[in-house]
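Please take a moment with the sequence and the structure before reading on. The paragraphs below go from the strands of one chain to its contact with its neighbour.

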Amino acid sequence: MPVPSKKVYLDSSCFIAFVDRAHIKYDQATAYFRYFALEEYQLFSDPFTLLEAYNKFYNDISPSLAKDFMRVMALSNVNLIYPEETDCKNALKAIVTFKTTDLTYPKALLSVLANRRGVPQICSFEYMPALFGLQLFYLPI
Amino acid sequence: MDNLFNVNQAAFILKVHPLTIRRYIKEGRLKALKVGGAIRIKEKDLQEFNKDYTPNTKTNESGLRVKINPAKSFSMEDPFLRLNGRGASIKLSS
């Protein structure tokens with residue numbers, strides 16, 4: 001039986017759901033992060049995802065919380081993957097070749113970065129196209 | 001008592017030259033013991049030495065080896081967990 005990978009890519013929606021207690025997926029996000037911590041998962045994200053979450057906190061909650069979020073992310077063990085020029089080109093290629101319009105550029109870039117570091121799963125509360133075999137992380141709770 | 005291997009057997013298991021095994025022992029990377037005058041290596045020590053290896057370098061486009069940082073694991077002490085439920089968004093407009 002194959003051992004499940006302990007690498008998970010984090011989307012901005014799971015950061016938002018974890019911090020925002022009024023979010024519909026707040027309980028689920030809390031359970032996810034608790035599980036990641038207990039099982040010592042390797043979590044990955046990228047600066048664009050953080051920026052997206054930062055903007056959401058800044059506009060919908062408070063600027064001070066947005067600042068706290070960035071401060072905490074600088075100290076956190078969430079691994080940030082910085083995109084290179086080739087990643088941006090690959091993401092562009094992916095959205096051009098992808099048939100439907102569901103795939104946005106940030107999602108394509110996220111899939112490319114996850115693929116580069118060999119991350120097979122993504123934790124997200126939004127629709128994610130299965131690009132490069134990226135699967136949605138699911139925790140039955 | 002653990003199984004004991006001599007230098008040649010350990011070299012065969014690790015698929016390296018016997019002199020490499022002697023060097024590992026000399027450098028203190030591989031634990032060994034002396035039985036009389038002969039070097040012997042415990043099976044347990046050999047297994048410990050022969051653990052998983054993840055390269056911390058990769059080749060970039062120009063063929064140069066660049067160091068990559070090993071991925072850190074998330075834990076219960078992570079500062080991000082302190083942000084749990086810190087805010088509540090209020091949508092004033094639809």
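**A sheet and a shared contact**

In this predicted model, chain B holds an open sheet of three strands, which are arranged in the order 1-3-2 with antiparallel pairing. Strand 1 and strand 2 of chain B are the edge strands, since each of them pairs on one side only. As a general point, strands of a sheet pair through backbone hydrogen bonds, and they can do so in either a parallel or an antiparallel sense.

The sheet can be followed pair by pair. Strand 1 of chain B, which covers residues 4-5, pairs in the antiparallel sense with strand 3 of chain B, residues 38-42, and two bridges connect them. Within chain B, B:F5 stands opposite B:I41, a residue of strand 3. On the other side of the pairing scheme, strand 2 of chain B, made of residues 33-35, runs antiparallel to strand 3 of chain B and is joined to it by three bridges. Here B:V35 is the residue that stands opposite B:A38 in strand 3 of chain B. Strand 2 and strand 3 of chain B also form a hairpin with two residues between them, and in that turn B:G36 has a positive phi of about 65°.

The sheet can now be placed in the whole chain. Chain B contains three helices and five strands, and when these elements are read from the N terminus on, they run β-α-α-β-β-α-β-β. Of the 94 residues in chain B, 23% are buried. Among the contacts in chain B with a separation of 6 or more, 34% are between residues that lie 24 or more positions apart. Chain B exposes about 7,400 Å², and carbon and sulfur atoms supply 50% of that area.

What remains is the contact between the chains. How many residues does each chain bring to it? Chain B contributes 23 residues, while chain A contributes 35 residues. The area buried between chain B and chain A is about 2,500 Å², and carbon and sulfur atoms give 58% of it. On the side of chain B, the residues B:K72, B:F74 and B:F80 supply 27% of the area that this chain buries against chain A, which is more than any other three residues supply.

Polar groups also take part, for 16 residue pairs are in polar contact between chain B and chain A, counting pairs with both residues at pLDDT 80 or more. The count of salt bridges between chain B and chain A is one, and a salt bridge is formed where the side chains of A:D68 and B:R86 meet, at 2.6 Å from N to O.

Terms used: Residues are numbered from 1 along each chain as its sequence is written. Chains are lettered from A and ligands numbered from 1 in the order in which they are written. This is a predicted model: local features need pLDDT of at least 70, side-chain atom pairs count only at pLDDT 80 or more; totals for chains, interfaces and linings use all residues. Side-chain values use heavy atoms; hydrogens and water are left out. Two strands pair if DSSP finds at least two bridges between them. Helices (H or I, at least four residues) and strands (E, at least two) are DSSP runs, numbered from the N terminus. Buried means under 20% relative accessible area, exposed over 50%, partly exposed in between (1.4 Å probe, protein chains only). Contact means heavy atoms within 4.5 Å. Accessible areas come from the Shrake-Rupley method with a 1.4 Å probe; for residues, only the protein chains shown count as cover. Buried area is the accessible area (1.4 Å probe) that two parts lose on being put together, summed over both. A salt bridge is a side-chain nitrogen of Lys or Arg within 4 Å of a carboxyl oxygen of Asp or Glu. A polar contact is a pair of N or O atoms within 3.5 Å; within protein, one must be able to donate a hydrogen and the other to accept it, and residues adjacent in sequence count only if both atoms are side-chain atoms.
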